[in-house]
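User: I'd like to learn how to read the features of a model like this one. Can we go through it step by step?

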Amino acid sequence: MTGGLLDGLAVVLFVAGGIYAAAVLDRLFGRLVTRRGAGADWGTLLAAPFREAALLLSQQRTRTERPDFEAWALAPALLAGLAMVAAGSVPLSPGHGFADSQGGIVLFGAAMALVMVCVFLHGWSSNSVPGMVGGYRFIAQALSFEMPLALVLIGVALPAESLAFGDVIRSQAGELAGGGGTRYLGQVGLWNLLRQPLGLPLYLVAALGVSFQGPLRIPDGADLAGGTRSEVSGAALLSWRLARAAVLVAVSAVGAASFLGGWSGPWLPGAFWTAVKTLLLLALMVASGHLLARLRLERFVVVSWAVLIPLALVDVFVAGITLLVEAP
Amino acid sequence: MGLRGSARRTLGRLAAGAPARVFPLPGRGGGVGEALDRLSLDPRLRLVPSPRSANVLLAVGRPASRLLRPAVRVHDQASRPRATVWWLPPEEGSGEGGDLPREVDRLARRLVRLLGPAEVVRGGPQEAAEAVVRLHRELLSGARESEPEVLPDEEPNPWRGVGPHGQGGEGMMGGTPYGRPMAMTGADLRDGLQLDRLPVRLGPFFPPLPPGLALDLELQGDLVQEVTLPPNPFDRWAFQEDGWRGDPFAAALSEPVPVEELERARARHHLRWLARTLRLHDLSALAERSLRLAFSAAPDREREEAVRRLEKLLRRTRALRWATRGLGCLEGEDEVSGLGPVARAAGLEEDARADDPAYRELGFEPVVTGGGDAWARLLQRMREAALSLELAARAGDRTIGPVERVEGPRGVLAPGQPPPSARLLERVPELLPGLEWGDALTVLASLDLDPEEAGRGPLPEGSERTRQEQGGRDEAGSTGEAAA
Amino acid sequence: MTALAGAFTLLAGGLVALSILRYVGDLLTPPGTTAPQRVPFAGGRPPEVHAWNRYHVRYYSMALLFLAFDMEMVFMYPWAVVFVQEGMKAFVEMLMFITILVLGILYAWREGALEWA
């Protein structure tokens with residue numbers, strides 16, 4: 001579970017590549033949904049994220065009359081740090097986890113809980129109405145998705161008998177440290193997608209919430225003229241967008257590790273499989289933004305507490321029962 | 001520093017290839033909205049929701065005096081490097097952007113003096129796009145200096161209070177810290193809790209609102225407590241006849257208009273409205289698809305199919321329905337009668353087109369959706385757009401008009417009657433209180449308001465010929481009375 | 001390097017990297033904002049008051065419910081690790097605990113704590 005500096009660099013490159021892939025996928029899906037013809041013009045598509053970054057760096061970084069300077073500067077930086085911690089808690093290939101600690105799931109949950117602080121500060125510190133409203137809204141959103149997020153991860157921790165993501169992956173690959181490992185529906189190693197079917201859909205909803213993407217793009221919504229980012233420009237806006245994309249990549253990576261088996265896969269090296277599965281979840285989440293409208297916050301809160309949490313609890317208890325029944 | 005300069009230049013060259021970021025400042029003129037929508041389809045530029053992210057400010061159309069100061073303030077809020085373009089799209093029915101009337105000219109000169117636009121463009125969306133992109137490239141590559149701020153660099157208010165150090169003051173305010181007071185307390189709408197009431201002044205250029213609408217809200221938390229409408233910036237004093245010129249629906253009141261043209265205009269209007277609404281709900285890709293449909297040159301049948309497919313997509317992905325269901329219910333015959341899609345979405349089966357012989361030949365039947373909420377209005381307008389395209393495909397040479405009442409895209413247009421937008425605008429202060437911010441904006445969008453149309457005032461009493469007919473009828477009536 | 005040290009390195013790295021990025025932009029395009037530029041954007045009219053106010057956070061009762069569930073999560077984490085060893089006893093105990101909390105959600109739902117507009 002320890003790793004050298006090269007593993008750390010691998011995590012950084014992984015997240016950076018994921019951010020770039022998210023940007024390209026976003027544009028690609030936008031074109032597909034617009035029916036503008038995605039086939040042509042790959043060059044523009046692939047260069048576009050760099051051009052946009054350059055544009056943002058060439059713009060002035062404005063401020064408002066009386067912001068909270070320190071909090072405003074802290075928000076995107078802390079968000080990026082939390083995203084890196086979350087991404088690092090997943091081992092990219094067997095034996096190469098940089099921050100794959102014994103309590104990886106707890107670390108991930110803690111990092112995602114602090115995202116609430118970052119988004120709130122980002123919106124509130126600008127001392128402008130749309131930002132402030134966006135920040136307060138996100139708190140309601142965050143309090144609602146935290147529970148399903150934590151519960152489904154508990155569900156995947158049950159067969160692994162451990163809170164480390166490395167063990168979660170190994171339990172899906174059938175390689176538990178204890179030897180034979182518990183049998184699960186007759187199979188020793190099976191993806192959690194199949195043996196805990198409620199898990200991945202619930203996790204995706206929570207992941208959309210924590211990265212405020214797609215239908216849960218509530219703090220930065222169009223009805224607030226950009227919300228928490230309405231007063232931000234220049235390098236500060238670039239930092240915010242990068243940090244948010246990093247969170248998206250991190251939750252995709254964790255989802256791939258918890259439900260799709262992480263680095264397990266035939267023939268090719270583990271890192272490749274991690275990347276492919278992360279990319280798949282990333283694509284799903286980015287595509288949802290183009291097809292699903294932004295939800296009403298109140299409706300989401302009610303549904304989250306009244307439907308999603310009970311479903312997550314059912315998921316956990318069914319997983320528990322299955323384990324007990326199958327236990328040798 | 002050489003390193004900094006060369007870094008800036010490389011970045012600038014890279015950035016110049018990105019789509020230009022444009023913040024629109026729509027002015028008056030019936031074709032402004034449509035021109036902007038056409039422009040937004042150009043892949044070389046992108047309309048942004050906030051001037052902070054914009055490079056180029058695009059003032060479109062003729063200036064209205066109440067829009068000048070807000071435009072200047074928005075100009076100064078944009079981040080550097082920035083430039084302004086003033087675009088005068090060709091007026092409908094008057095050829096290439098002709099000479100402006102004298103009153104407009106005075107305002108125009110004031111606009112030019114205040115904003116100092118880098119370029120004034122007269123022409124279609126193509127020319128405007130070229131100008132915007134050119135400015136964008138020049139700004140970013142360093143060939144052109146950013147425009148300076150217009151307003152003086154002064155703090156809004158000195159920090160003023162009661163005590164010798166500027167502290168102290170009344171209640172929560174304590175003077176004007178950093179130039180502005182703090183919000184005062186007020187009772188909440190529903191439970192009377194005394195917390196701060198935040199007055200929010202949403203201006204004419206706030207993208208989530210219908211273009212040109214200004215609102216004064218009082219918020220407690222994110223719930224709207226009270227709504228006041230400031231004076232309409234488009235209030236007519238000089239442009240009454242001008243406002244309705246070029247509108248094919250108003251033209252049908254006094255001369256024959258081909259049904260095909262009318263229905264295509266209706267479909268275009270509804271699809272443009274759909275694009276605005278979808279953008280409000282963070283579905284910008286679908287909004288662009290809707291805009292492309294609105295302006296596409298494909299045959300009407302194909303477009304009708306595409307609209308129906310879009311409707312099915314929006315219905316199947318339930319999210320939009322959850323976001324709009326049950327909001328802004330407008331039912332009741334006296335409230336909504338004559339308001340076109342709003343009335344039909346409430347279940348009233350009324351459509352002025354059903355009375356017309358040309359439409360009856362085509363087998364026209366009004367589309368009615370029940371429910372009266374924002375979702376019903378969305379479905380209603382999509383279905384009407386599809387129906388219009390179908391009618392346009394089958395219309396052939398038929399014409400409509402001159403008639404006494406015309407079914408416009410927002411409601412019934414009749415001489416002497418206020419336009420539908422004016423009636424809807426009156427309802428806004430009672431519809432919005434109690435709604436959460438996002439819901440309030442959804443309701444506003446679903447009403448399809450146009451402050452410019454509302455400001456045009458009642459339709460003129462018809463053309464010269466109709467006035468003569470009216471005069472003739474009056475004479476006959478009075479002699480009849482005298483005889484009796 | 002232990003895993004936790006790795007986590008802290010990543011946290012610090014992310015923090016430092018994006019802080020640097022923020023100020024690199026300043027080197028290339030100096031901020032130098034003027035007073036009219038600093039007015040918060042609301043469509044063209046200046047704001048009457050500062051945005052900071054005693055915001056009516058209507059979902060505070062939902063936040064209290066969340067606290068209760070958060071305390072439950074604290075217990076579920078170690079429970080998940082030892083669950084298979086402990087067997088049915090652990091399952092039933094957690095089931096009882098969760099049922100009590102789910103009753104809490106039901107109560108909050110019926111009392112309207114989850115809706116506020």
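Analyst: Let's start with polar contacts: a polar contact is a pair of N or O atoms within 3.5 Å; within protein, one must be able to donate a hydrogen and the other to accept it, and residues adjacent in sequence count only if both atoms are side-chain atoms. Some bookkeeping: this is a predicted model, so local features need pLDDT of at least 70, side-chain atom pairs count only at pLDDT 80 or more, and totals for chains, interfaces and linings use all residues. Residues are numbered from 1 along each chain as its sequence is written, chains are lettered from A and ligands numbered from 1 in the order in which they are written, and side-chain values use heavy atoms, with hydrogens and water left out.

User: How many residue pairs are in polar contact between chain C and chain B?

Analyst: There are 27 such pairs between chain C and chain B, with both residues at pLDDT 80 or more. On the chain C side, helix 1 (3-28) and helix 2 (35-38) each supply at least two residues of the part that touches chain B (helices here are DSSP runs of H or I with at least four residues, strands are E runs of at least two, and both are numbered from the N terminus). Helix 2 of chain C gives the largest share of that side, 4 residues. Sorted by class, the side of chain C that touches chain B has 18 nonpolar, 8 polar and 5 charged residues (Ala, Val, Leu, Ile, Met, Phe, Trp, Tyr, Cys and Pro are nonpolar, Asp, Glu, Lys and Arg are charged, and the others, Gly among them, are polar).

User: How many salt bridges are there across the interface of chain C and chain B?

Analyst: A salt bridge is a side-chain nitrogen of Lys or Arg within 4 Å of a carboxyl oxygen of Asp or Glu. That rule finds 5 across the interface of chain C and chain B. Take a look at Glu155(B) and Arg38(C), whose side chains meet in a salt bridge at 3.3 Å, N to O.

User: And what area do chain C and chain B bury between them?

Analyst: Interface size is often given as the accessible area lost when the parts come together. Here buried area is the accessible area (1.4 Å probe) that two parts lose on being put together, summed over both. For chain C and chain B that's about 3,900 Å², with 53% of it on carbon and sulfur atoms. Within chain C, Phe41(C), Arg45(C) and Arg54(C) lose the most area to chain B, together 20% of what that side buries. The contact (heavy atoms within 4.5 Å) takes 31 residues from chain C and 57 residues from chain B.

User: What do we get for chain A and chain C?

Analyst: Chain A and chain C bury about 6,500 Å² between them, 76% of it on carbon and sulfur atoms. In chain A, the residues that lose the most area to chain C are Arg61(A), Trp305(A) and Phe317(A), together 11% of what that side buries. Chain A puts 82 residues into the contact, and chain C 64 residues. The salt bridge count for this pair is 1: Asp26(C) pairs with Arg61(A), the closest N and O atoms being 2.7 Å apart. Polar contacts come to 12 residue pairs across the interface of chain A and chain C, both residues at pLDDT 80 or more. Several helices of chain A each supply at least two residues of the side that touches chain C, among them helix 1 (5-34), helix 2 (42-58) and helix 11 (297-326). Helix 5 of chain A gives the most to that side, with 16 residues. By class, the side of chain A that touches chain C divides into 54 nonpolar, 18 polar and 10 charged residues.

User: Which backbone oddities should I look at?

Analyst: Try the peptide bond between Arg80(B) and Pro81(B), which is cis, with omega about -5°. Pro81(B) sits in the loop between helix 3 (65-77) and strand 4 (83-88) of chain B. Then there's Asn127(A), not a glycine, whose phi is positive, near 55°. Asn127(A) lies in the loop between helix 4 (104-124) and helix 5 (129-160) of chain A.

User: Is Asn127(A) buried or exposed?

Analyst: Buried means under 20% relative accessible area, exposed over 50%, and partly exposed in between (1.4 Å probe, protein chains only). Asn127(A) has a relative accessible area of 6%, so Asn127(A) is buried.
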